[in-house]
Amino acid sequence: MNTIAHWIDGKPATGDSSRTAPVWNPATGSEQARVLLAEPSDVDTAVASARAAFETWSQTSLTQRTRIMFRLRELLTRHEDELGRLVAAEHGKVVDDARGEIVRGREVVEYACGITSALQGGYSDQVSGGVDTFSLRQPLGVVAGITPFNFPVMVPLWMHPIAIACGNTFVLKPSERDPSAANLIAELYAEAGLPEGVFNVVHGDKTAVDTLLDHSGVDAVSFVGSTPIAQHVHERATASGKRVQALGGAKNHAVVLPDADVEFAADHLTAGAFGSAGQRCMAVSVAVAVGDAADALVEVLADKAREVQVGPGQDSGNDMGPVITGQARDRVASFVASGIEQGARAVVDGRGTRVEGHEEGFFIGPSLLDHVTPQMDVYREEVFGPLLVVVRAGDLDEALEIVNGNPYGNGTAIFTNDGEAARRFQRGVSVGMVGVNVPIPVPNSHYSFGGWKDSLFGDTHIHGPEGVAFYTRAKVVTSRWPRVGRSVEAAFNFPSHS
Ligand code: NAD
């Protein structure tokens, strides 16, 4: 059976790793590979490689860095199908959706191709007599990226192209559940001409993560994953003096007002809730049906949920694949059961779904629960599976109260034809990314991505301008070039006039 190795100093490495973890094929339920789990000494080797590479990489011209990003972009395009199939095989999502994540991730590389403008500083001429001031941003050093299973290509691409284009070197610790894409990306970087040690991959579990968080050779940590781990990463890495951004979990609400086009809203809610089997941090997991919208909306949602084609991600024609593990499937099923127990009405129950020929696969069909209340566990917890719950609200104010009362604040959406209501919602909602008639409002790569409240620990959002700010630190230079031979009076006091 294939064992997936680390990528350190420009080549595959096994180091001191003797522990391994299974990589499942979620569509068949069988083990398809093993992945190495790094020991602290393997992390040390990767960080040492990145530190050594930083000395030269940080001095490389912006032109050279940009050229490598342009080449990487081309290689990502050329290998889109191969990468998409790799992701579908290990994650389970349908190939077209996997290709979609590669395209969205590639957009961040496109932003990194313009790093020269993103890094532009300011210059003020003659701030004092013969004195000029200018600002610039310099790289931090070694950045660690720790990423989740649900977007094995896109989420790491939110981080490393920007960090590297800014002059940092990088150690990626991808999810151990779908690790192969990270190694292919490492090969593409090498083919693009990135020097050895600038981009490293260590596979592993908590041991690898905690070693990175404590490591004196790591300057900053970008994390994306569930809220409890995001909180742990933020606390532990800031305690060891690092800059940290830790993006956490989500419970994304889509508010549907009575004036909305029900068919349109239901179509988008269905795709937003069940696409990628609901395993997206921006998946719609709660529909807040306002006033008269509720009955009609639930009826159309139920029809659409029943039409979702469930099957292996590699077979074309399927809308939704399995979830990542058998444990994840059982967890989703237990939330459907607890919702019903606590008083919700099961309009569609996906627990019995079987896919012919794939009886051992980790499949669970779409479920729709109505009359869910904010007190129920199924509402309070992030389920991260194909389950959409409907909460009913009397008016927009009540809907806003529900959304703002939830501890998560990643994404939200409103479906309406009323501009004033949409504007009131977009201004009043305590959520980082807002869609108006757009169910999954993932910002374009020229903007930054991030939530509020328990969906983000740290100050900056990821990629785009906030990514550049996160991966660099500011320097301000004040300079004077007196003419040779002409003296400039030195003052003991701070000048009271200039
Ligand atoms: P996870 O938190 O289990 O794992 C994320 C990373 O942390 C992995 O690399 C994993 O190896 C590591 N990890 C897991 N347990 C750890 C521990 N105890 N100590 C140290 N490291 C640990 O998340 P996941 O299940 O891979 O991904 C799904 C979660 O990620 C969901 O909660 C989803 O909402 C979230 N997510 C958020 C965003 C966002 O932008 N906010 C994007 C994608 C996914």
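**Salt bridges and exposure, by the numbers**

Visitor: Why is E80 called buried?
Guide: E80 has a relative accessible area of 11%. Buried means under 20%, so E80 earns the word. Keep in mind that this is a predicted model.

Visitor: What makes E80 and R99 a salt bridge?
Guide: Their side chains meet at 3.0 Å, N to O. The cut-off is within 4 Å, so the pair qualifies. The two residues sit in distant parts of the chain, with E80 in helix 3 (residues 80-91) and R99 in helix 4, 19 residues apart. Both also belong to a network of salt bridges with D81, R85 and R106.

Visitor: And R99, why is that one called partly exposed?
Guide: R99 has a relative accessible area of 28%. Partly exposed lies between the 20% and 50% limits, so the label fits.

Visitor: How do you know that E110 and R73 form a salt bridge?
Guide: The N to O distance is 2.7 Å, and the limit is 4 Å, so this pair counts too. E110 lies in helix 4 (residues 95-113) and R73 in helix 2 (residues 62-78), so the pair ties together parts 37 residues apart in sequence.

Visitor: Why is D295 called exposed?
Guide: Its relative accessible area is 53%. Exposed means over 50%, so D295 passes. D295 also meets R392 in a salt bridge of 3.0 Å, N to O.

Visitor: How many salt bridges does the structure hold?
Guide: There are 27 of them. As a general rule, side chains of opposite charge can pair when their charged atoms come close.

How values were computed
Residues numbered from 1 in each chain as written. Predicted model: local features only at pLDDT ≥ 70, side-chain atom pairs only at ≥ 80, totals over all residues. Heavy atoms only, no water. Helix = DSSP H or I, 4+ residues; strand = E, 2+ residues; numbered from the N terminus. Buried < 20%, exposed > 50% of the residue type's maximum accessible area, 1.4 Å probe, protein only.
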